[in-house]
Amino acid sequence: MVRQTSLAFEKCNWLFNLAALLSRLPSQGGDSGGGGEVSAASHFQAAANLLNWLGDNFLHPPLLDIQRPCLAFLTCCMQAQAQECMAWRGLREGKSRALLAKLWAGTAALYADTLARFDHASAQAMRTAMQ
């Protein structure tokens, strides 16, 4: 168990939990008429921005889940989900095939980057845990 009593650590945990809440809101539905993609993408982007800020500003975190590689993975995942929301919106609205192809290619690239970051974060976490 990690015990930390600094105000900066508490702020980091609070912001991390806020990002987790923001990433959970899109799954709640709430917009039964369809078209909630913009709101969902906005929540995912806000979560990504919080996580990115934590990675840039919180130095030497004592926990693996708030270290830079894990935060980079989570940020990329939130960005990929936001992009996917917009791709689904484009599909629902009947946008051109060329635009849809670009949106889905971008979504696939972001998910591929997320997977690469997951592998890197996992490897680093295992190395740290073994020391």
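I'll start with Cys 77, which is buried, with a relative accessible area of 17%. Keep in mind that this is a predicted model. Cys 77 takes part in no disulfide, and the nearest cysteine sulfur, that of Cys 76, is 7.7 Å away. Seen from the other side, the closest cysteine sulfur to that of Cys 76 is the one in Cys 77, and 7.7 Å is too far for a bond. The cut-off here is 2.5 Å between the sulfur atoms. Cys 76 is buried too, at a relative accessible area of 2%. A search over the whole structure gives 0 disulfides.

Next, the aromatic rings. A pair of rings is described by two quantities, the distance of the centres and the angle of the planes. The structure holds 3 aromatic pairs, and I will go through two of them, beginning with Phe 73 and Phe 118. Their centres are 5.4 Å apart and the planes are at 55°, so the pair counts as tilted, since edge-to-face needs over 60 degrees. This pair links distant parts of the chain: Phe 73 sits in helix 3, residues 68-92, and Phe 118 in helix 4, residues 97-130, with the two positions 45 residues apart in numbering. How buried or exposed are the two rings' residues? Phe 73 has 17% relative accessibility and counts as buried, whereas Phe 118, at 40%, counts as partly exposed.

The other pair is Trp 88 with Trp 104, and that one is edge-to-face, at 5.1 Å centre to centre and 85° between the planes. It also links distant parts of the chain, with Trp 88 in helix 3 and Trp 104 in helix 4, 16 residues apart. Trp 88 is partly exposed, at a relative accessible area of 44%. Trp 104 is partly exposed as well, at 28% relative accessibility.

Last, the core. In soluble globular proteins, nonpolar side chains tend to be buried together. Here the largest nonpolar core has 24 residues. Which residues have the most contacts inside it? They are Phe 16, Phe 44, Leu 51, Leu 54, Ile 66, Leu 74 and Met 78. Helix 1 (7-24), helix 2 (37-57) and helix 3 each supply at least two residues of this core.

Take Phe 16 as an example. With neighbours within four places in sequence left aside, Phe 16 is in contact with Leu 51, Leu 54, Asp 65, Ile 66, Leu 71 and Leu 74. Among these, Leu 51, Leu 54, Ile 66 and Leu 74 are also on the list of residues with the most contacts inside the core.

Note on methods: Residues are numbered from 1 along each chain as its sequence is written. This is a predicted model: local features need pLDDT of at least 70, side-chain atom pairs count only at pLDDT 80 or more; totals for chains, interfaces and linings use all residues. Side-chain values use heavy atoms; hydrogens and water are left out. Rings of Phe, Tyr and Trp (its six-membered ring) pair if their centres lie within 6.5 Å; planes under 30 degrees apart count as stacked, over 60 as edge-to-face and the rest as tilted. Helices (H or I, at least four residues) and strands (E, at least two) are DSSP runs, numbered from the N terminus. Buried means under 20% relative accessible area, exposed over 50%, partly exposed in between (1.4 Å probe, protein chains only). A nonpolar core is a set of buried Ala, Val, Leu, Ile, Met, Phe, Trp, Tyr and Cys residues joined through side-chain atoms within 4.5 Å. Contact means heavy atoms within 4.5 Å.
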